[in-house]
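Student: Could you take me through one part of this structure closely, starting with how a pair of helices packs, and then set that part beside a few single residues elsewhere in the chain?

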Amino acid sequence: MASGDFAHLHVHTDYSLLDGASRVSDLVRQAAEWGMPALAITDHGHMMGAIDFYDTCRQAGVKPIVGSEVYVAPRSRFQKDPGLDRHASHLTLLAMNEEGYRNLIKMVSAASLEGFYWKPRIDRELLAEHHEGLIVLSGCMKGELAQHVIKGEEAAALQAAQWYRSLLGDRFYLEVQANGIPEQDLVNRGMVALSGRLGIPLVATNDVHYLAPHHADVQDVLLCIQTRKTLSDKDRWQFGTQELWLKDAETMARAFAERLDAIRNTVEVADRCNLDLDFSLRLPHFEVPAGYTPETHLAELAWEGLRRRYQDSTADSAAARLRYELDVINDKGFASYFLIVWDFVRFARDRGILAQARGSAAGAITSYCLGISHVEPLANHLLFERFLRVDGKKMPDIDVDFPDARRGEVLDYVIRKYGSEHVAQICTINRMGARQAIRDAGRVLGLPVGLVDKISKSVPFNGTVDDAYETAVAETPQGRFLLNTASDLEGLARNAGVHAAGVVISALPLTEVVPLMRNTESSVPTTQFDWRSVERVGLLKMDFLGLNYLTVVDVCLRAIEETTGLRLTLEEVPAGDESTYALLCAGETTGIFQLESDGMRKLIRSLRPREFADLIALVALYRPGPLGSGMADDFVNRKHGRAAITYLTPALEPILARTYGIIVYQEQVMRIAMDLAGFDPINAEGLLKGMGKKLPEVMAKYRGLFVVGAVERSIPGETAARLYDLMAYFAGYGFNASHAAAYALLAYQTAWLKRHYPAHYFLGLLEAHAGDAEKVALYVAEARRVGIPVLPPDVNTSGPAFQLEPDGDRWSILAGLNGVDRVGDGGVQQVIEGRQHGPYRGLLDFCARITDARKLNSAAIASLISCGAFDWTGQERKVLVDALDDVLYLATKLRKQHPPDEIARMDLPAPQPRQRRVKAVEEPALPQPPAETQGQHVFVTVGEGFIGSPAHASLQLTAARHPGRYPLVVSDGKQYEVGPAVEPTQALLARARAISGGAVEVRVGHADDGSAGEPEER
């Protein structure tokens, strides 16, 4: 049988998420090589891979058939009884045309948004409503008809087949398969019988899950990953066959030699499926005022912004640039897009929510005039063409940052304005990287964790499994086995997630264009297409990014207003502040956006920024490429006159003068191509992409064009060729100048706030990072280092969050209650509610006013004591912790006898230190320390940044709870004696480290003179 006489109609790709080991590209390539007329995609319950598959087939000359193997609820998709509705049957749906494609989208969307119960499920009601344009196959052995046949329910099978036939007519086919599973033979006989009785045609499928026979093992591993089993687990889920591969027409014909009509019918089905997708733009609609079009409204807003932004000699240049940009934007139909972004940015700012664009959009003067971006593009040499191509083939993409705590408010506004049916978040398809593949394979294969960990860590960042083959351990049989398995897994889709920022807004209801699925983290649904497919079908992606540092700034600005009355905005931060640049040059960049890492601090000290252009360069240069190649050092040396600034041709100086003759930015590559070789913006961007990706054929194409164009502009051919090679070298390291400028602006603004409002800024840092103990400890230490006191929480004055407290002529930062170990939101509420009857006067008063011990139990109160929340009582923390059980007992009696307001007025006793009991019997002697440790004690030394931290509180609390076992003594406010070295030193050191959480220095010394040896562990 010729290849053209058969088409696979039931095929799972890796988009079936750990239930398919077939890459789309491999499947399509194989089908094309065999000359198959068509190929279907029928992933489980969704359409995630539909556009990728459609485009790949079209490029290979294979007809794409888009479908899905859906799950069908036993009753209604709305019924979710574990005993009756958990096990859904399967059904194969194929789109014949665009109507069928839209109906398929509607059904898989409803299956997830309405019918999800273990799996996304449709029901007969949905199929009856949306069956037009679809061909339906009865499914695999888990299909409704097949299950009736297996169970011997002949009447039920007949009834179900009649229902599908009456609904679908000649668009319903009975699937038969040859997979070697015994039950399948029974199903096939049942289908043949139903076909003969009802005249429903048969169609042969193979339920493809992998490309070739030897990939059956990969599929087995995927199933184990999905079910968290190992290959050695006897009760694990298995297919029970190794026949589910992409078989050629001859193999399929041999398997169905007695029913070749089922083979021929595959081509009949393929001939009936003629889907031609429309990828034209489906831009969202923006309601403009009466008498305006989107274009005229955008122009009015932009020109108004230009008059406000430019009031100097640059106004004419700015006007010319704006006129050009508006012509391109309007010509390509993107006016509504800009208005939508302008509108939700305006909403955010009206609500006091910080918002500013990042990325290439900062290169558009339109963004600047609309207030979307605050980076002035002309002075910073930013290109509009880097953002939007004049040929319209590149979709606009404006990324807008919001404080991460308030991003949801803006998204809610967009949903209210455009309708919940028109807005969704965008999904991401997470694929297995090399390290993930190695770890997954190792677990499934049951290999030693140490071996797996060692091999996975040998893979460099962004490396591949192939990189690990060179490690010594990979040469072992187990290592080789592991890597061979991981290599097959690498790059396969593992799971679907939610894009961190991507949002899509559609003029049409989204289920007319793109399938949706439920979002377990939000009420806003998610597209089943990733951002590439979303853009491919003509929808615009918008990025709503939550940026933690805008939360820092938000807290800081609100604190400034609350304490000084000054309502400051980021736009009002003055440029060129010398004291801010002095702070940066000194490397005082802890807590400053993008500039706080040790490596960045080193680069800042050597570069010594004095103007905004230096900050842009910092952001662009601090990356592995420029740092590793010596490019950053060359830049610094040229800036400070330690190296000569040279240009291959004087024509380069206007473009490269601000970067001392070095190509730092992608825009510089484009500008050189345009100014020196006459490239238009489209070809300039094409050259940039080709160089950046090092595509030989693209680079060869543009090399000739560049040299010819440069020679025509009086540049010698040899110089032009050298210049092209220089561009190709630097293009691999070049950074987007618009993106760097947007980041540099926020870096400068945060540095200015830290310099002029340090306490307020550290308050923002602590509050924005409150859930990160490591960051909190870092910023507490830094604040104290620069003279800003950070006080432990206080049950009488602390709120949930960090807050400023007046401290003479300066400010202190008071820790909030939310950061105390074991004290949750309910506990914080209990503390604050108890204060309504006046300040607490002691521990007993506090405990007596707690009305719900479930929300604030003894462990939580002990944490409050240990972190200093009761230091105002003047009593030692150890005394209070020791007395806590007795205090709680008394407090319970008081609550039963008196209301809280009476308790608040009582004169209650303070807890007293416990008296040591004298036992009637002699205590056993303590073990004597080894001779080499005689007189030695183990000390734990902590720094200031550690005191008051959760780990510090835990250290104190542990010692207080076990005074005999851990005789912990404060010797100088910082040093803690864990105990005499009465057991092997290493064991005692391990105990000390366990108490301290490893966050401090542990050493052995002598108790008599306080001396200590070198640190044993840090």
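Tutor: What follows begins with one helix and its partner and then turns to individual residues.

This is a predicted model, in which local features need pLDDT of at least 70, side-chain atom pairs count only at pLDDT 80 or more, and totals for chains, interfaces and linings use all residues. Residues are numbered from 1 along each chain as its sequence is written, and side-chain values use heavy atoms, with hydrogens and water left out.

The protein has 40 helices and 21 strands, these being DSSP runs numbered from the N terminus (H or I of at least four residues for helices, E of at least two for strands). Of its 1018 residues, 55% count as buried, where buried means under 20% relative accessible area, exposed over 50%, and partly exposed in between, with a 1.4 Å probe and protein chains only.

The part to look at closely is helix α30, residues 717-731. Its 15 residues should span 21 Å at 1.5 Å a residue, and its end C-alpha atoms are 21 Å apart, which agrees; the expected span is 1.5 Å times one less than the number of residues. The buried residues of α30 are Thr-719, Ala-720, Ala-721, Leu-723, Tyr-724, Met-727, Ala-728, Phe-730 and Ala-731, and they pack against α25 (631-639), α27 (666-677), α28 and α29 (696-712).

Two packed helices are described by the angle between their axes and the distance between the axes. For α28 (residues 681-692) and α30, the axes come within 8 Å and cross at roughly 65°; axes here are lines fitted to C-alpha atoms over the stretch in contact, with angles running from 0 to 180 degrees between N-to-C directions. The crossing of α28 past α30 is right-handed, that is, the near helix is turned clockwise from the far one by less than a right angle. On the α28 side, Leu-687, Met-691 and Gly-692 meet Tyr-724, Met-727, Ala-728 and Ala-731 of α30, a contact being heavy atoms within 4.5 Å. The residues of this contact divide into six nonpolar, one polar and no charged, with Gly counted as polar and Ala, Leu, Met and Tyr among the nonpolar residues.

Elsewhere, His-90 is found in strand β3, residues 89-95, and counts as buried because its relative accessibility is 9%. The side chains of His-90 and Glu-69 are joined by a polar contact of 3.0 Å, meaning a pair of N or O atoms within 3.5 Å, one able to donate a hydrogen and the other to accept it. Leaving aside neighbours within four places in sequence, the residues in contact with His-90 include His-44, Tyr-71, Cys-140 and Lys-142.

The loop between α14 (365-370) and β9 (399-403) holds Ser-373, which counts as buried because its relative accessibility is 0%. The side chain of Ser-373 reaches the backbone nitrogen of Val-375 at 3.1 Å, and, not counting residues up to four places away in sequence, Ser-373 touches Arg-309, Ala-357, Ala-362, Ser-367 and Tyr-368. His-381 lies in the loop between α14 and β9 too, but is partly exposed, with a relative accessible area of 43%.

Most residues other than glycine have a negative phi. His-381, although not a glycine, has a positive phi of about 60°. Leu-17, in the segment before α1 (24-34), has a phi near 60°, again a positive value in a residue other than glycine, and counts as buried at 19% relative accessibility.
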